[in-house]
Amino acid sequence: MRIAVVGATGMVGQVMLQVLAERNFPVTELYPVASERSIGKKIEFQGKDYEVIGLQEAVDIKPDIALFSAGGETSLEWAPKFAENGTTVVDNSSAWRMDETKKLVIPEINASELTKEDKIIANPNCSTIQLLMALKPLHDAFKIKRVIVSTYQSITGTGVKAVEQLENEYRDEKGEMAYPYPIHKNALPHCDVFEENGYTKEEMKLTKETKKILGDDSVLVSATAIRIPVVGGHSESVNIEFENDFDEAEVRKILSEFPGVSVQDNPVTNTYPMPIYAEGKDDVFVGRIRRDYSQPKSLNMWVVADNLRKGAATNTIQIAEYLIANKLV
Ligand SMILES: NC(=O)c1ccc[n+]([C@@H]2O[C@H](COP(=O)([O-])OP(=O)(O)OC[C@H]3O[C@@H](n4cnc5c(N)ncnc54)[C@H](OP(=O)(O)O)[C@@H]3O)[C@@H](O)[C@H]2O)c1
């Protein structure tokens, strides 16, 4: 496969290259792509140096697959140009997620929707992916009525500039700010931009993308997204109200049997998911599974995943693997 990685110099792009190598993805040619600022820079992949090229050059090369993680505007402008030239695009930005003509895919959940005609495929938001990995098997078993989710999100979710901001603040040095306030020793109830309804775009992504991926508009979602000075992964406190009652042991069994989910849940040994253990791993970790005694048929749990892996790069590459395995490219 001739693969373009668009945004190869970025936080997600770098992890994509790592995941492509780790999974022995069948790359015959690699084309790292970034903004004009980076053209000519060297990118290392599997022990070989590759020169960063520009978007138009990459379109003209007509790669088989383009893995995009270069922001929404770049995707809106350039993904159609790749697609028109016969390249299948898997896009990490929010540009196409809610477009009714585009599929929003988590391979463990809905890859079977994909066809050869899908030339631009959307990767869900990082906090949505880990949430849905835990919700889907429970929705199938007990039918979810309502979800209340509060996120505690890693600064790596904002990209390279946010990591630099935190590092500068650690060293007490001035520098470019990715956030409107310091992030060191702080918690910002503000992920992505505010919308007119008082929620942030990140909170609305959690709400809308959940319905689209489950293919069920009846599932109600209320989200609060918080940025915290953590690297390694996003954490989520999740409260679910089901249509049907459940047994906690059954919940643990269902979650642990779902591919890509790992249950870490033993209060006796202080076992629960944490970003420091999720970092660099592809699984979504679920723990603190317990009945919500304040209302019937309700459950609390804690969900952690590396937002750069399953939340972005790994999910994208799993989609590409599915396309190849099913001869859709
Ligand atoms: N971080 C996450 O956890 C996460 C998760 C899911 C989805 N995403 C999405 O993935 C995308 C990238 O996120 P990131 O965290 O990797 O950001 P980042 O670290 O800021 O990297 C951005 C990348 O996009 C490239 N780029 C920017 N403007 C461009 C342009 N006009 N033309 C071509 N390339 C351009 C940059 O190239 P230069 O180095 O040349 O500037 C860089 O390679 C965003 O859409 C983000 O929403 C991120």
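Leaving aside its neighbours within four places in sequence, which residues is Thr200 in contact with? The first legend below takes up this question. The model shown is predicted: local features need pLDDT of at least 70 and side-chain atom pairs count only at pLDDT 80 or more, while totals for chains, interfaces and linings use all residues. Residues are numbered from 1 along each chain as its sequence is written, and side-chain values use heavy atoms, with hydrogens and water left out.

**View 1. Thr200 in a loop.** Thr200 sits in the loop between α6 (160–170) and α7 (201–214). Helices (H or I, at least four residues) and strands (E, at least two) are DSSP runs, numbered from the N terminus. With a relative accessibility of 0%, Thr200 counts as buried; buried means under 20% relative accessible area, exposed over 50%, and partly exposed in between (1.4 Å probe, protein chains only). Neighbours within four places in sequence aside, Thr200 is in contact with His190, Cys191, Asp192, Val193, Phe194 and Glu195. Contact means heavy atoms within 4.5 Å.

**View 2. The ligand and its shell.** The ligand is surrounded by 26 residues, and the closest are Thr9, Val12, Ser35, Arg37 and Ser38. A residue is near a molecule or strand if one of its heavy atoms lies within 4 Å of it. The shell around the ligand divides into ten nonpolar residues, 15 polar and one charged. In this division Ala, Val, Leu, Ile, Met, Phe, Trp, Tyr, Cys and Pro count as nonpolar, Asp, Glu, Lys and Arg as charged, and the others, Gly among them, as polar. Helices α1 (11–22) and α10 (309–325) each supply at least two residues of the shell.

**View 3. Polar atoms beside the ligand.** An oxygen atom of the ligand lies 2.5 Å from a polar side-chain atom of Thr9. For Ser38, an N or O atom in the side chain is 2.5 Å from an oxygen atom of the ligand. At Met11 a polar backbone atom is involved, 2.9 Å from an oxygen atom of the ligand. A polar contact is a pair of N or O atoms within 3.5 Å; within protein, one must be able to donate a hydrogen and the other to accept it, and residues adjacent in sequence count only if both atoms are side-chain atoms. On its own the ligand has 900 Å² of accessible area, of which the protein covers 77%. Accessible areas come from the Shrake-Rupley method with a 1.4 Å probe; for residues, only the protein chains shown count as cover.

**View 4. Val5 in strand β1.** Strand β1 spans residues 2–6 and contains Val5. The relative accessible area of Val5 is 0%, and the residue is buried. Leaving aside neighbours within four places in sequence, Val5 is in contact with nine residues' worth of side and main chain listed here by name: Gly13, Met16, Leu17, Leu20, Leu30, Tyr31, Pro32, Val33 and Leu67. Val5 and Ala66 are 61 residues apart in sequence, yet 5.9 Å apart in space, C-alpha to C-alpha.**View 5. Salt bridges of Lys103 and Lys310.** Side chains of opposite charge can pair when their charged atoms come close. A salt bridge is a side-chain nitrogen of Lys or Arg within 4 Å of a carboxyl oxygen of Asp or Glu, and by this rule the count comes to 20. Lys103 forms a salt bridge with Asp118, the closest N and O atoms being 3.0 Å apart. This pair links distant parts of the chain, 15 residues apart: Lys103 is in the loop between β6 (88–91) and α4 (107–110), and Asp118 in the loop between α4 and β7 (120–122). Lys103 is partly exposed at 21% relative accessibility, whereas Asp118 is buried at 8%. Lys310 pairs with Glu108 in a salt bridge whose closest N and O atoms are 2.8 Å apart. Lys310 lies in helix α10 and Glu108 in helix α4, so this salt bridge ties together parts that are 202 residues apart in sequence. Lys310 is buried at 2% relative accessibility, and Glu108 is partly exposed at 22%.

**View 6. A salt bridge within helix α8, and a network.** Glu257 and Lys253 meet through their side chains in a salt bridge (3.2 Å, N to O). Both residues lie in helix α8 (residues 248–257), four residues apart, about one turn of the helix. Glu257 is exposed, its relative accessible area being 54%, and Lys253 is partly exposed at 48% relative accessibility. Elsewhere, a network of salt bridges links Glu22, Arg23, Asp282, Arg309 and Glu321.

**View 7. Gly72 in helix α3.** Helix α3 covers residues 72–84 and includes Gly72. Gly72 is partly exposed, with 25% relative accessibility. Beyond its neighbours within four places in sequence, Gly72 is in contact with Ser93 and Ala95. Gly72 and His234 are 162 residues apart along the chain, and their C-alpha atoms are separated by 21 Å.
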